[in-house]
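The exercises below ask you to read a single model by eye and then to check your reading against a worked solution. Please look through the sequence and the fold before you begin.

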Amino acid sequence: MDVCVADTKKSRLLLFLKEYYPLLILFLIVFGLSFLASTVYLDDDYFKSVFELDWNYDIFAFMNDHYHTWSSRLIIEPITVLCLEIPLLWRFAQALITTLFAYSLYRIVGKKNVFILLSACLISLIYPLVYNYEMGFVTTSQNYLWTMVLCLYITSLLIRQYRNEKVPLYSLILALLASLYCTNEEVMAVATLAIALVFSIIFYLRREKYWLSYAVLLIALIELIFALTCPGNQARYDASVASFFPSFNDVNFFSKIAIGYYRTSASFVFADNWPMILLLSCLCILVLINKKTPLWLKIISFIPALAVVTFGLVIKYVPSENSLCDWVWNFAYAIENTRAVPDMSNPAFYIPCLAFTIILSIVIVDIISLYRFRWKGLVLISILMLGLGTQLGLSLSPSSAFTLAFSSLASGNVYTHRSESFFAMPLLILSILLIKDIMLCQNKKIIYSFSISLSLITIICFALYSIDCHNVGALLI
């Protein structure tokens, strides 16, 4: 009997490894590369020093001080200092989170296909490395990548329940723990609350007894109320206003949103933004292979991809003086240097906004052309708009709206910010959903060619990320 049970467990393990071996490879790659990352860079060094010198390793005194003077993130920050004290713990967890990222993307798609799983693994590496190291690998990744991936994991389970798939009890318990962590970050608390609310309404209307969405909804609501009433958040807001933009409270709501839209436009069109490039490339391929798409739309569909590649890659990496990108970014840095509301009539302000609006419009037209107004098309557009809305909502924060990143490339200043990840993540989710349809194409040459191209793109962009990371001193080499 024991032999039969052992054989059964062994066969299950072999079947699991046979299906998910790319995830194991991804984990080993990220875990190995994590040893090149410095854990004493910028905020990592600051948090570690404060914890050790100011609070003498007293985690409760540290949390009490931060609650009153800095932040409501009383789950995230203790884990942060623990990882700073034990870097190996962060390296293991970072590899695990990246693997969970790929796994969640794969399960959201809902189609068992090795090419889709490999694509999900590659996409997890296309997530910009700068979003992880900008203020220190440990601090930045835990506040942004970890919270978004855990929210994505919860969403993948809710989607599986929506499909009436069986979800193991241990997965549900892990989802509850994940919700406690991800909703401890304010933006993700709002996002998780919205997702849980939508699924709760759906399950209620369908009379289905799935309790996960209700539990996550309650946790997100409690965490959000806690964040709004935490004295440390107000203290940090006041400090950010004084430091970044003293007249911030005098700027009206629409001007803040306009600045956020300009900032997003510049970051996703006039910079090497690989999530944007990947999404536009996937759309181009689908439109091209779709026989029902008219020729004029196929031609127009190439405009966004060519524009982003030209402005984001060619102009950036080809040395030139007084280029369009320099013109845009000089205006952007002027906002930072003067701490003043930008002149919105300046062409350097509205041209990026116009370019981004045209690109978004073509993307929406492409999605409607491919899926009409069926559910999938509406879901894709909703994900895109919710991602953009989240990004614009960050402009209501003085630090997110007006802080520019440091110089990172020898060729010039690079405007990056970890908060852009809140729009980059939806772009990657959209990409894997489009890749699913590419992989369902009957033409094997297209599938193999796309897979090879995606692999090459991942290698190139990860190499460029590493160069950026090395130039700012965030690597140990």
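## Exercise 1: Two loop residues with positive phi

Asn 164 sits in the loop that connects helix 9 with helix 10, where helices (H or I, at least four residues) and strands (E, at least two) are DSSP runs numbered from the N terminus. The model is a predicted one, in which local features need pLDDT of at least 70 and side-chain atom pairs count only at pLDDT 80 or more, whereas totals for chains, interfaces and linings use all residues. Residues are numbered from 1 along each chain as its sequence is written, and side-chain values use heavy atoms, with hydrogens and water left out.

Task: describe the backbone and the exposure of Asn 164, and then do likewise for Tyr 57.

Solution. Begin with the backbone: phi of Asn 164 is near 65 degrees, which is a positive value in a residue other than glycine. Then take the surface: Asn 164 has a relative accessible area of 46% and is therefore partly exposed, given that buried means under 20% relative accessible area, exposed over 50%, and partly exposed in between (1.4 Å probe, protein chains only). Turning to Tyr 57, its place is in the loop between helix 2 (43-54) and helix 3 (59-69). The phi angle of Tyr 57 is near 65 degrees, again positive in a residue other than glycine, and with a relative accessible area of 47% Tyr 57 counts as partly exposed.

## Exercise 2: Helix 2 and its packing

Task: which residues of helix 2 are buried, and against which helices do they pack?

Solution. First list the buried residues of helix 2, which are Asp 44, Phe 47, Lys 48, Val 50, Phe 51 and Glu 52. Next follow their partners: these buried residues pack against helix 3, helix 4 (76-85) and helix 8 (137-143). Finally look past the end of the helix, where Asn 56 follows helix 2 with a positive phi near 50 degrees.

## Exercise 3: Environments of three helical residues

Task: are Pro 78, Thr 192 and Phe 226 buried or partly exposed, and what does each of them touch?

Solution. Pro 78 lies in helix 4 and is buried, with a relative accessible area of 16%. Leaving aside neighbours within four places in sequence, Pro 78 is in contact (heavy atoms within 4.5 Å) with Ile 59, Met 63 and Arg 73. The C-alpha atoms of Pro 78 and Phe 62, which are 16 residues apart along the chain, are separated by 8.4 Å.

Thr 192 belongs to helix 11 (residues 186-205), and its relative accessible area of 3% makes it buried. Once the neighbours within four places in sequence are set aside, the contacts of Thr 192 are Cys 151, Cys 182, Thr 183, Val 216 and Ala 220.

Phe 226, in helix 12 (residues 212-229), is partly exposed at a relative accessible area of 28%. Beyond four places in sequence, Phe 226 is in contact with Tyr 67, Ser 72 and Leu 74. Phe 226 and Arg 73 are 153 residues apart in sequence, and 9.6 Å apart in space from C-alpha to C-alpha.

## Exercise 4: The chain as a whole

Task: how many helices and strands does the protein chain have, and where does pLDDT stay under 50?

Solution. Start with the secondary structure, which comprises 22 helices and zero strands. Then consider burial and contacts: buried residues make up 53% of the 477 residues in the protein chain, and among contacts between residues at least 6 apart in sequence, 79% join residues at least 24 apart. Lastly weigh the confidence (pLDDT, the predictor's confidence in each residue, runs from 0 to 100): the protein chain averages 85, and 87% of the residues score at least 70. Over residues 403-416, however, pLDDT stays under 50, although the model has 43 contacts beyond four places in sequence for this stretch.
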